[in-house]
Amino acid sequence: MSLLVVGLSHRSAPVSVLERASLSADAQFKLLQDTVAAEPATEAGVLATCNRIELYADVDKFHAGVAELSTLLAQHSGVGLEELTPYLYVHYEDRAVHHLFSVACGLDSMVVGEGQILGQIKDSLARAQEGHTAGRLLNDLFQQALRVGKRAHSETGIDRAGQSLVTFGLQQLAAGGDVTAWARGKRALVIGAGSMSSLAAATLARAGVAEIVVANRTFDRAERLAQILAENGDPDIVSRAVPMESVPTELTRADVAVSCTGATGLVLTAAAVATAVEGRTGAPAALAEDRSGPADVRPLPPTSVGTDDGCPLDLSAVQPGFSLMGEAAVAGMDAATLEQHAAWAAGPAVDRREAARRPGADAELITALAATAASVGRIPERRRPEPAPVPARPEPVLFLLDLAMPRDVDAAVHRLAGVRLVDIESLAEASADAPMAADVDQVRRIVSDEVAAFGAAQRAAHITPTVVALRAMAADVVAGEIARLDGRLPGLDDKHRAEITQTVRRVVDKLLHAPTVRVKQLAAEPGGAGYADALRTLFDLDQETVASVSRAEDSTETNAENRGPA
C-alpha cells in the first residue's frame with residue numbers, strides 16, 4: 001500500500017484561497033483522469049467540499065507523487081503552485097488512512113461531528129468509480145471510511161459535539177440565541193436545490209418558518225424540492241418554487257436567505273442586496289460607518305525641554321499620560337515658579353514675542369495670572385475632547401447565510417446596514433472556539449483502532465496472491481506426480497487412484513497450512529511487507545504468476561465494488 005493524499009482545508013488555508021481553488025464537477029473529473037495518467041499514480045480519488053480539496057492516489061514513489069499531485073492540484077484549481085504550496089498538507093500510507101477516517105467521523109470538519117461529510121465521501125467514491133480511477137486500494141479505503149464514520153456516529157455521542165454546517169450557520173444568524181424562536185414566522189428564500197440547499201430548507205422547515213421559496217437555475221429541481229417540503233413538512237408552511245430570475249423580487253420579501261449553488265460568480269451582489277433592503281424599509285441601505293480609526297483630538301504640547309519657546313520649566317520628569325499644561329504638571333511648584341508657568345500657560349492670548357520686546361510685559365502676564373486664578377480658582381488645563389458617540393448599528397431586516405464555495409454573496413454585504421451576513425469565512429472564525437464534547441476522545445480511539453485494522457488487512461491482502469500462487473504450484477506438483485503414477489501403474493483402478501490422489505493432497509495441504517497461516521499473520525503486522533518477497537524466493541515462485549493472480553482478484557473485487565458504494 002502506497003496511499004498518498006495532498007490537499008488543503010479550512011485548517012491549512014484561508015477561505016480566500018479555498019474559494020479560488022475550488023473545483024467544479026467537470027474539473028474534478030478531469031483531475032482524476034490526469035492523475036491516473038501521470039507516471040507515479042495508478043488510482044485516484046478527489047474529495048472536494050466547501051472547506052476542503054484533497055487528492056488521494058496510490059503511488060509507487062513518494063517524492064515524485066507529492067510533486068505530481070501538487071502540480072496537478074495547482075493546474076486544475078487555477079491557483080499558482082508557488083502560491084498554493086504553503087497551504088498544502090501531505091499524508092502518506094497509515095497517516096493518510098488516519099486522516100480520511102478522521103474526516104469521515106467529522107473530527108476534521110469545520111463543525112466537529114457533522115455528518116454531511118459521509119455523503120460527500122460517498123459521492124467522491126462514486127465519481128472515481130464512474131471514471132474508473134478507483135482500484136482495489138481506494139475502493140477499500142473509501143468503503144471502510146464510510147463504515148468507520150457510521151460506527152462513530154452510532155457508537156458515540158459525536159453528534160452532540162457538533163451539528164450540520166447549516167444548523168451552525170443559522171445559530172450564528174440568530175446571534176447565539178434559540179434558532180427556533182428566531183426563525184418562527186419568518187419567510188425564507190433558499191437559492192440552490194443541491195444537497196446543502198435541501199438540508200437548509202429542511203432545517204428551516206423544522207425551525208418553524210412560515211414560508212420557504214426555492215430558487216434554482218433548473219426550475220424542475222426547485223419544484224421537486226418544494227414539493228418534497230410540502231409533502232413531508234408542516235402543512236402550515238408554504239413551500240413554492242421560483243426561477244432564478246425571480247430572486248431579486250423574492251429577496252425583497254424574504255427575512256432570511258440561504259444560498260449554496262455551484263455558480264462560479266456572485267449570485268447576490270452588494271447592490272442587489274442593498275436594493276432588496278431598500279425595498280423592505282423604504283430607505284437606502286447605507287454602508288455602516290467605519291469608526292475604527294483614531295478620534296480627532298487636538299495635539300498636546302511637546303513634552304521635551306526647549307521645544308516650547310519661553311517655557312520656564314523642566315517637564316521631562318512629569319508622569320506621562322497627563323496634560324503637561326494642567327494641574328499634574330504644576331503640582332508641588334513654589335510660588336515664584338508657579339507664577340512663571342502660569343504666565344507661559346496663558347501665553348496663547350498674548351504674543352510672547354511682542355511681550356518680550358515691550359517694557360512691563362512681565363507685569364502684564366502676572367496680572368493676567370492673578371485674574372485667572374481669582375475667577376477660575378486653579379490653573380486652566382487643556383483636555384482632550386470627549387469622543388463622539390458611535391451610533392448603534394440598526395437591527396438587521398435581512399439575514400443571509402452563504403454556504404457556497406466559491407462564495408455566492410458579495411463580501412461587501414457585511415458592511416451594509418440592516419443586513420447580517422454569515423459566510424464560510426465567518427463560520428470558520430466562529431467554529432474555532434466551539435467546545436468539543438468528551439465523545440470526541442472515544443471517536444479518536446475508534447479511528448486509531450480502525451486504522452490499525454485497515455493496515456493489517458491491506459498488508460495481509462498484499463501477501464494473498466503469493467499464497468494463492470504457492471498453493472497453485474503445489475496443486476500442479478500433485479497433478480504431475482499423479483500423472484506419473486498413472487504411467488507407472490496403468491492397471492490402477494479408479495477407486496485406488498482417487499484414494500492415492502486424496503492422500504497426496506492432504507499431505508501437501510498439511511505441510512503448507514501452518515507456514516501460510518503464519519506468514520499471513522506476520523505480513524499483517526507493521527513492517528511485514530517483506531514476507532511476500534521471502535515466500536516467492538523460498539519457493540521460486542514466478543513473479544508473473546503472482547501478478548496475474550493479483551490482477552484477477554483486483555478485477556473481480558473492483559467489478560463488485562463499482563456497482564456502488566455502501
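The questions below concern annotated positions and backbone geometry in a predicted model.

User: Which residues of the "binding site" listed by UniProt are in the lining of the largest cavity?

Analyst: The unreviewed UniProt entry lists T49, C50, N51, R52, S109, E114, G115, Q116 and Q120 under "binding site". From this set, the lining of the largest cavity takes in T49, C50, N51, R52, S109, E114, Q116 and Q120.

User: Is G115 buried, partly exposed or exposed?

Analyst: G115 sits in the loop between α5 (94-104) and α6 (116-130), whereas Q116 belongs to helix α6. Buried requires under 20% relative accessible area and exposed requires over 50%. The relative accessible area of G115 is 37%, so G115 is partly exposed.

User: Which peptide bond is cis, with omega near 5°?

Analyst: Most peptide bonds are trans. The bond in question leads into P406, a residue of the loop between β9 (398-402) and β10 (419-422). With omega near 5°, the cis bond is the one from M405 to P406.

User: What is the phi of E93?

Analyst: E93 lies in the loop between β4 (89-92) and α5, and counts as partly exposed at 30% relative accessibility. Most residues other than glycine have a negative phi. E93 is not glycine, yet its phi is positive, near 50°.

User: Is H132, with its positive phi, buried or exposed?

Analyst: H132 is in the loop between α6 and α7 (136-155). Its phi is about 60°, although H132 is not a glycine. The cut-off for exposed is over 50%. At 67% relative accessibility, H132 therefore counts as exposed.

Conventions:
Residues are numbered from 1 along each chain as its sequence is written. This is a predicted model: local features need pLDDT of at least 70, side-chain atom pairs count only at pLDDT 80 or more; totals for chains, interfaces and linings use all residues. Side-chain values use heavy atoms; hydrogens and water are left out. UniProt positions are given in the numbering used here, feature names are shortened, and annotations may be inferred rather than shown by experiment. On a 1 Å grid over the protein atoms alone, a cavity is a set of points where a 1.4 Å probe fits but cannot get out, and a pocket is an open set with protein on both sides within 12 Å along at least five of seven lines; lining residues have an atom within 4 Å of a point. Helices (H or I, at least four residues) and strands (E, at least two) are DSSP runs, numbered from the N terminus. Buried means under 20% relative accessible area, exposed over 50%, partly exposed in between (1.4 Å probe, protein chains only).
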